[in-house]
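Trainee: Could you show me how to read confidence, cavities and a single residue in a model like this one?

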Amino acid sequence: MRPSTPTEPGSEGNAPSSQNIDEPGGSAARPGSASQGRGQAVGQAMGRSLKSVQSFLRGKQFPGTIRITRQTGELKTPFPRPLLRPSEPRPAPKSPPKRAPRDANDASTSEPITLEGLTIERNDNMPSDAGPKPRSSLLSATERQAMDSRQERFKRILSKPTIDLDALREVAWNGIPANLRPVCWRLLLGYAPPNSDRREEVLRRKRAEYSGWVAQYYDLQGGMERDDSEITLVKQIGVDVPRTAPGVAFFHQTAIQKSLERILFIRAIRNPASSYVQGINDLVTPFLGVFLSEVVSGEDHNDMDQWEVDELKVEQLWQVEADCYWCLAKMLDSIQDHYTFAQPGIQKQVFKLSELVRRIDETMHKHIEEQGLQFLQFAFRWFNCLVLREVPFRLVARLWDTYTAEGADNFSDFLVYVCAALLLNWADKLKQMEFQELVMFLQHLPTDAWGAAELEMVLSKAYLWRALFGRSPSHLKT
C-alpha cells in the first residue's frame, strides 16, 4: 500500500467493487441495490483497477493536479491515452455535459465505468516554452510544508529502536529526502539491520570484511598470485572503468576509478558464477554518489561536479567503498541470472516486455515487428544496466529510491513495467519511424532535458500497469 491522503473532491462514496478479476478489461458491471449507492454500478473489471489507481495517486507529489475522469466518444485504444509533457500544447478544454440530479434510489441508471473509460491527465499549468524549471521554483508554501511533513515521517520511522521496513518502503517508494537516502538504502537493501542496537557493529564488521578481501585478492598480500582468468578479469575491468558515466566528470577522478576497480574485482572473485559482465560497472555509480554525499561537506555539498575526493580522509573513502560493494552485492544477488552465461535472465525479461507492450499497445508492437526490429536489440541494455543509462544521472538516485523500496527480490519484476512505460512514452512518434530510425532513437532516448516530473510519470504508468496486469500474469509467462 502506498501513502494515502484524502481523496479528490467528488470521490467519496464512489469506491469501486473489490471483486477478483482474471483479466483486465472485463464485462460491464451490473447495477446493485439503492442502499449500496453508486459503488454497485461500477464494473467488476474496472473496480479493482480504479481502486488501485486511486490508492496510488493519493499522496503522490506531482507538479500540478491529477484528474481521473471517464472518457466519452470514440476510443482509439483500450488503455489510458498518453500523458501530455509540459512542452506540448494542451487542447482547449471542453465543457463537461451537465447531469440531472440523481436520486439516491436511482442506482440502476449509473453508467458502468469501464477500463476503456479511464483517463489520467496531468495539469501542470506550465507554459509550452518555459522548459524545465528548478524544483525549488515550482514549490508553493503548501508543497514545502508537505515536504517538511514527509521528512518528519521518515525521521519518525528511522528513530524507532527497530525500524518497520514495510512502513519505510511505503514512504520511500515516492522518493527519499537526499539527506536520509544513504541510511534508507542500507536498510531497504538488507545491508544494515533494522535493529538499531546491532547496526553499528554489523556495519563495522562488514566493512572490515571487505577491507580484508581487498588486501587478500586485489593487493595480493600474503604471497598470492593471480591465475590467467583473474589477469583477464583485471584487464577487462581496467578497460571498462574509464568508460563509466562518461557525462559525469566526478567518476573520472583517479581515486574514484580505483575504488570502482576494487569493487568490481572483489564482486567478480566472490561470485564466480556471474563474475564480471560489462554494464555492472555502471551499477556502482548510484551507490558511490549517494554514500559519498554523507561524508562530503562544504558549500558544494549538493554539486557532485565540485566534489574533491582527495580532500576526504582515507577511512571515509574506505567506508564508502565497502558500503557500495555490499549494497551492489545485495541488489545483484536477486538477478544473478542476468549476468551468468548467455544472460538468460535478461532474455526472459525482454520477452516479458514484448508481451506486455503487445497487451498495452498492440499497434506499437505490430509496428516494431513489421520493421523487423527485435526487442532484444534495444531493450537488452535497458535491463542490463537497470535503465541507468537511459535517464540523466541527476535522476538516477530518484529512480533507485523506487527500486530499493520495491526490495532487492522484487524490483526486477517492476523493471519490466518501467521499460514498457519508457518505450511507450514516445509511442506516437515511434509508429512513424522505419527500422533505422527506430534503432537510433531507442538507443539514444531524448531524455537529457528530463526533470523529476517526467521520471515520475514513467514510474506512475509503470505502477498503474502493474496494478492492471499484476493479478493476471498469464500474459507474461515465458
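Mentor: We will take these topics in turn, beginning with the fact that this is a predicted model.

Trainee: What average pLDDT does the protein chain have?

Mentor: The protein chain has an average pLDDT of 78, and 67% of the residues score at least 70. Over residues 60–90, however, the pLDDT is below 50, although this stretch has 83 contacts in the model beyond near neighbours in sequence. Residues 96–137 also have a pLDDT below 50, with 85 such contacts beyond near neighbours in sequence.

Trainee: How many cavities of 30 Å³ or more does the structure hold, and which residues line the second largest cavity?

Mentor: Rolling a probe the size of a water molecule over the atoms shows where empty space is left. In this structure there are 2 cavities of 30 Å³ or more, and the second largest cavity encloses about 30 Å³ of space. Its lining is made up of Val-387, Val-391, Leu-399, Val-418, Leu-422, Trp-450, Leu-455 and Val-458. Two or more of the lining residues come from each of helix 15 (411–424) and helix 18 (452–469).

Trainee: How do the lining residues of the second largest cavity divide into nonpolar, polar and charged?

Mentor: The lining has 8 nonpolar residues, with no polar and no charged ones.

Trainee: Where does Gly-372 lie, and is Gly-372 buried, partly exposed or exposed?

Mentor: Gly-372 sits in the loop between helix 12 (362–370) and helix 13 (375–384). Because its relative accessible area is 48%, Gly-372 counts as partly exposed.

Trainee: Which residues is Gly-372 in contact with, leaving aside its neighbours within four places in sequence?

Mentor: With those neighbours left aside, Gly-372 is in contact with Gln-377 and Phe-435. Gly-372 and Phe-435 are 63 residues apart in sequence, while their C-alpha atoms are 7.0 Å apart in space.

Methods. Residues are numbered from 1 along each chain as its sequence is written. This is a predicted model: local features need pLDDT of at least 70, side-chain atom pairs count only at pLDDT 80 or more; totals for chains, interfaces and linings use all residues. Side-chain values use heavy atoms; hydrogens and water are left out. On a 1 Å grid over the protein atoms alone, a cavity is a set of points where a 1.4 Å probe fits but cannot get out, and a pocket is an open set with protein on both sides within 12 Å along at least five of seven lines; lining residues have an atom within 4 Å of a point. Grid points are joined across faces, edges and corners, and a volume is the space filled by probe spheres set on the points. Helices (H or I, at least four residues) and strands (E, at least two) are DSSP runs, numbered from the N terminus. Ala, Val, Leu, Ile, Met, Phe, Trp, Tyr, Cys and Pro count as nonpolar, Asp, Glu, Lys and Arg as charged, and the others, Gly among them, as polar. Buried means under 20% relative accessible area, exposed over 50%, partly exposed in between (1.4 Å probe, protein chains only). Contact means heavy atoms within 4.5 Å. pLDDT is the predictor's confidence in each residue, from 0 to 100.
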